[in-house]
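This briefing is for a reader who is meeting the structure for the first time. Please look over the sequence and the 3D view before reading on.

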Amino acid sequence: PAGAGVPGLMPIGAFARLARLTVKAVRHYDAQGLLVPAHVDERSGYRYFRADQVRTATTIALLRSLDVPLPAVREVLDAPDADAVAAVLA
């Protein structure tokens with residue numbers, strides 16, 4: 001696959017394992033615009049991610065495990081600083 005040859009990118013399965021998520025969850029977060037792949041192969045539709053996206057993925061998973069709704073998760077991810085995150089979660 002095209003993305004597999006791009007340095008620093010990993011396929012969705014490897015990314016999901018690293019982030020301790022299911023592939024289905026990663027696809028869902030992509031569909032919600034919360035975890036957008038670094039590259040999507042135009043022919044196959046395969047998603048590829050960077051290692052630095054694992055932190056975002058684990059943040060989403062942690063917030064969801066605390067029953068934080070997806071709109072609030074989006075606000076946390078978009079927050080410019082810790083004070084803004086605290087305000088969203090308050």
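The notes below go from the whole chain to the sheet, the helix packing and the salt bridges.

The model is a predicted one. The protein chain has 5 helices and 3 strands, and along the sequence these follow the pattern β-α-α-β-β-α-α-α. The strands form an open antiparallel sheet, and helix H1 lies across two of them, E1 and E3.

**Overall build**

- Taken along the principal axes, the C-alpha atoms of the protein chain fill a box of roughly 45 × 25 × 20 Å.
- The protein chain has 90 residues, and buried residues make up 33% of them.
- Among contacts in the protein chain with a separation of 6 or more, 48% come from residues 24 or more positions apart.

**The sheet**

- The order of the 3 strands across the sheet is E1-E3-E2.
- Strand E1 (9-11) and strand E2 (39-40) are the edge strands, and each of them pairs on one side only.
- E1 and E3 run antiparallel and are joined by 3 bridges. In this pairing Leu 9 stands opposite Arg 50 of E3.
- Strand E3 (residues 47-50) also pairs with E2, again in the antiparallel sense, over 2 bridges.
- Two residue pairs can be named between E2 and E3: His 39 has Tyr 48 as its bridge partner, and Val 40 stands opposite Arg 47.
- E2 and E3 form a hairpin with 6 residues between the strands. In this hairpin Gly 45 takes a positive phi near 80°.

**Helix H1 and its neighbours**

- Helix H1 covers residues 12-19 and runs at about 95° to E1.
- Two packed helices are described by the angle between their axes and the distance between the axes.
- How do H1 and H2 lie relative to each other? Their axes cross at roughly 100° and come within 9 Å. The range for roughly perpendicular is 65 to 115 degrees, and H1 and H2 are therefore roughly perpendicular to each other.
- On the H1 side of this contact are Ile 12, Gly 13, Phe 15 and Ala 16, while H2 contributes Val 23, Val 26 and Arg 27.
- H1 also packs with helix H3 (residues 54-65), at an angle of about 60° and with the axes 9 Å apart. That angle makes H1 oblique to H3.
- The crossing of H1 and H3 is right-handed.
- Where H1 meets H3, the residues are Phe 15, Leu 18 and Ala 19 in H1 and Val 54, Ala 57 and Thr 58 in H3.
- Phe 15 is thus named in the contact with H2 and in the contact with H3.

**Salt bridges**

- How many salt bridges does a search of the whole structure find? The search finds 2.
- One joins Arg 47 and Asp 30, with the closest N and O atoms 2.7 Å apart. Arg 47 belongs to strand E3 and Asp 30 to helix H2 (residues 23-31), so this pair ties together parts that are 17 residues apart in sequence.
- The other joins Asp 52 and Arg 50, whose closest N and O atoms are 2.9 Å apart.
- Asp 52 is exposed, with a relative accessible area of 53%. Arg 50 is partly exposed, at 35%.

**Asp 30 and its surroundings**

- Is Asp 30 buried or exposed? Asp 30 has a relative accessible area of 17%. Buried means under 20%, so Asp 30 is buried.
- Its salt-bridge partner Arg 47 is partly exposed, with a relative accessible area of 24%.
- Setting aside neighbours within four places in sequence, Asp 30 is in contact with Leu 35, Val 36, Pro 37 and Arg 47.

**Points that link the topics**

- Arg 47 stands opposite Val 40 in the sheet and forms the salt bridge with Asp 30.
- Arg 50 stands opposite Leu 9 in the sheet and forms the salt bridge with Asp 52.

Note on methods: Residues are numbered from 1 along each chain as its sequence is written. This is a predicted model: local features need pLDDT of at least 70, side-chain atom pairs count only at pLDDT 80 or more; totals for chains, interfaces and linings use all residues. Side-chain values use heavy atoms; hydrogens and water are left out. Two strands pair if DSSP finds at least two bridges between them. Helices (H or I, at least four residues) and strands (E, at least two) are DSSP runs, numbered from the N terminus. Contact means heavy atoms within 4.5 Å. Axes are lines fitted to C-alpha atoms, for helices over the stretch in contact, and angles run from 0 to 180 degrees between N-to-C directions. A salt bridge is a side-chain nitrogen of Lys or Arg within 4 Å of a carboxyl oxygen of Asp or Glu. Buried means under 20% relative accessible area, exposed over 50%, partly exposed in between (1.4 Å probe, protein chains only). Angles under 35 degrees count as roughly parallel, over 145 as roughly antiparallel, 65 to 115 as roughly perpendicular and the rest as oblique. A crossing is left-handed if the near helix is turned anticlockwise from the far one by less than a right angle, and right-handed if clockwise.
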